[in-house]
Amino acid sequence: MRKLSIVGTSTEALRAWVTESLNEPAYRGNQIADRVYCKAVDSFESMTNLPASLRARLAECAVVSPNQIDLIQRSEDGVQKCLLKLADGNEVECVLLPYADRVSVCLSTQVGCAMGCRFCATAQGSYTRHLTAGEIVDQLLHLQRLSAERITHVVLMGMGEPF
C-alpha cells in the first residue's frame, strides 16, 4: 500500500482523507495541515496536538514528506545549500539565504534544465521533469526547519513551466 504524502496535499483534501480513511473528525485534517504547513514539523510524533493513537495510525498509512535532505553545504556567511533527494530518486538543490533584514530561499522548480547554458551546473545534468507543487513546497519546509528565523522571500530556479 502506497502511503499518502501529507506535503502536497491541500487542507481540504486532508479533511476529506481523515474522515473517509481514518474515520476521524474533519478538523483533524486542519490540525495536521497547521503542523505541517505553518509549524514545519517533519514527523507525526511531533504533532502533539493529536492523540498518540492517531499519530501511530498516521505513521502506518502516511508520511509527512517522502523527500529527504541528502547533503547540506554551509558557508561562512550562513548560506546553506541543500541537495534534496526526491521520492523517485531524482535530486534537486535548494538554498537558504539569511540576511540581516530577511531570510530568502531559492527553490528548484524542475529536475535539471532544458536551456543548456554552459555556465550553469544544473543545465549540465539535462532536463528530466517538472517538480510537483508538493515537491516545491517541501523544499521550503525543509529550509524553514534549518532557519532560526521565518522565511520571508522566495526565489524560484527553473523556467517556470510548473506554474
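Student: Is Asp-34 buried, partly exposed or exposed?
Tutor: This is a predicted model, and in it Asp-34 comes out partly exposed, since its relative accessible area is 26%.

Student: Which residue does Asp-34 form a salt bridge with?
Tutor: Arg-35. The closest N and O atoms of Asp-34 and Arg-35 are 3.2 Å apart.

Student: OK, and how many salt bridges are there by this rule?
Tutor: The count is nine. One of them pairs the side chains of Arg-57 and Glu-24, at 2.9 Å from N to O.

Student: Where do Arg-57 and Glu-24 sit in the chain?
Tutor: In distant parts, 33 residues apart. Arg-57 belongs to helix H3 (residues 52-61), while Glu-24 lies in the loop between helix H1 (11-21) and helix H2 (27-38).

Student: Buried or exposed, what's Glu-24?
Tutor: Glu-24 counts as buried, because its relative accessibility is 17% and the cut-off for buried is under 20%. Its partner Arg-57 has 30%, so Arg-57 counts as partly exposed.

Student: What about Asp-101, which residue's side chain does it meet in a salt bridge?
Tutor: That of Arg-102, with 3.0 Å from N to O. Asp-101 is exposed, at 63% relative accessible area, whereas Arg-102 is partly exposed at 29%.

Student: Which residues do salt bridges with shared partners join into one network?
Tutor: Glu-24, Arg-28 and Arg-57.

Student: Switching to cysteines: how many disulfides does a search of the whole structure find?
Tutor: Zero.

Student: Hm, so how far from Cys-94 is the nearest cysteine sulfur?
Tutor: It's 4.8 Å away and belongs to Cys-82. A disulfide needs the two sulfur atoms within 2.5 Å, so Cys-94 is in no disulfide.

Student: And is Cys-94 buried or exposed?
Tutor: Cys-94 is buried, with just 1% relative accessible area. Cys-38, on the other hand, counts as exposed at 59%.

Student: New topic: which strand is Arg-129 in?
Tutor: Strand S8, which covers residues 129-130. Arg-129 is buried, with a relative accessible area of 19%.

Student: Which side chain does the Arg-129 side chain make a polar contact with?
Tutor: That of Asp-88, at 2.9 Å.

Student: Leaving aside neighbours within four places in sequence, what else is Arg-129 in contact with?
Tutor: Besides Asp-88, the contacts of Arg-129 are Leu-86, Asn-90, Gln-110, Val-111 and Glu-135.

Key
Residues are numbered from 1 along each chain as its sequence is written. This is a predicted model: local features need pLDDT of at least 70, side-chain atom pairs count only at pLDDT 80 or more; totals for chains, interfaces and linings use all residues. Side-chain values use heavy atoms; hydrogens and water are left out. A salt bridge is a side-chain nitrogen of Lys or Arg within 4 Å of a carboxyl oxygen of Asp or Glu. Helices (H or I, at least four residues) and strands (E, at least two) are DSSP runs, numbered from the N terminus. Buried means under 20% relative accessible area, exposed over 50%, partly exposed in between (1.4 Å probe, protein chains only). A polar contact is a pair of N or O atoms within 3.5 Å; within protein, one must be able to donate a hydrogen and the other to accept it, and residues adjacent in sequence count only if both atoms are side-chain atoms. Contact means heavy atoms within 4.5 Å.
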